[in-house]
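Work through the exercises below with the sequence and the model side by side. Try each task before reading its solution.

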Amino acid sequence: MTRSDGYLLDNRQSEAGERFDAFASLFDPTTFRHLDGLGIGPGWRCWEVGAGGTSVVSWLARKVGPTGTVVATDIDVSRLGTVARPPVEVRTHDVGAEEPPGRGFDLVHARLVLVHVPDRERALRSMIDALRPGGRLLIEDADPALQPLTCPDEHGPEERLANRLRQGFRRLLAERGADLSYGRRLPRLLREAGLRQVEADAYFPLTSPACTALELATVRQIRGRLVAAGLATDEDIDRHLANVAAGGMDLATAPMISAWGRKA
């Protein structure tokens, strides 16, 4: 993430905590499975990029133990205070504009970060540079263009309204420099950067309580921007929030692409 007034989903907004909780429920099992597969263990030095919330940082800290290190960075570290103790080091850092917060890391991980970073190429290069030879990189990012709908089963007016608001959200993201097709390119980008043993997969939640919580928090968070841009009215948003809260809709997220590899 970058230090920019244009960033759409500010960590300091009240809904940010709800969004982080929803992301943890939706994506932590996939993230932890991949990290375990990379062999993380005691003594590892890890850099968690764009940490935002605490769930991944806390899990990493337990894995590396007292002999390891977890450097957790973000442009806004206001939600990381509760984990700022050994083995965790919390630092304010802009991955798209600054040098890495260290070198020789065994693992670098970023989840739902690079899609928002204007200089994604520099950010990815920085993360790879920070790895030791043989170190592992795991990048997980959304691909909203691959699956652009809130309701893939658009069978009624409630679903059509939900999808229209999602189109507005995607437009706001794109106007602020987000690459809505970034996730699908990750395997190729890791190979082109010289990483070896590159693999990737995707996770696509279709309906769950966490999808509902994420939709409610996101729409409330961007409500003012949608209205100001003429993409929705307050009446549209009130109706959609009531439809979601009623619990009769199948709400999806964009697929999260996970790609990983080893530095030569």
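The exercises that follow deal with one aspartate, one helix and several charged pairs.

This is a predicted model, in which local features need pLDDT of at least 70 and side-chain atom pairs count only at pLDDT 80 or more, while totals for chains, interfaces and linings use all residues. Residues are numbered from 1 along each chain as its sequence is written, and side-chain values use heavy atoms, with hydrogens and water left out.

**Exercise 1.** Find Asp106 and describe its surroundings.

Solution. Begin with the element: Asp106 belongs to strand 4, residues 105-111, where strands (E, at least two residues) and helices (H or I, at least four) are DSSP runs numbered from the N terminus. Next, consider accessibility: Asp106 has a relative accessibility of 12% and therefore counts as buried, given that buried means under 20% relative accessible area, exposed over 50% and partly exposed in between, with a 1.4 Å probe and protein chains only. Finally, look at its partners: the side chain of Asp106 reaches the backbone nitrogen of Arg45 at 2.7 Å, and its contacts (heavy atoms within 4.5 Å) beyond four places in sequence include Gly43, Trp44 and Leu131.

**Exercise 2.** Determine which residues of helix 7 are buried and what they pack against.

Solution. Helix 7 covers residues 234-246, 13 in number. Its buried residues are Asp236, Ile237, His240, Leu241, Asn243 and Val244. Because they cover an arc of only 160° around the axis, they lie on the same side of helix 7; the arc is that of the directions from the helix axis to the C-beta atoms. These buried residues pack against helix 4 (157-175) and helix 6 (209-228), whereas Glu235, Ala245 and Ala246 are exposed on the other side. Just after the helix, Gly247 takes a positive phi of about 85°.

**Exercise 3.** Which parts of the chain are linked by the salt bridge of Arg164 with Asp236?

Solution. A salt bridge requires a side-chain nitrogen of Lys or Arg within 4 Å of a carboxyl oxygen of Asp or Glu. In Arg164 and Asp236 the closest N and O atoms are 3.4 Å apart. This pair links distant parts of the chain, with Arg164 in helix 4 and Asp236 in helix 7, 72 residues apart. Arg164 is partly exposed at 35% relative accessibility, while Asp236 is buried at 11%. To complete the picture, Arg164, Asp236 and Arg239 are linked in a network of salt bridges.

Methods
Polar contact = N/O pair within 3.5 Å; in protein donor to acceptor, adjacent residues only side chain to side chain. Expected span 1.5 Å × (residues − 1).
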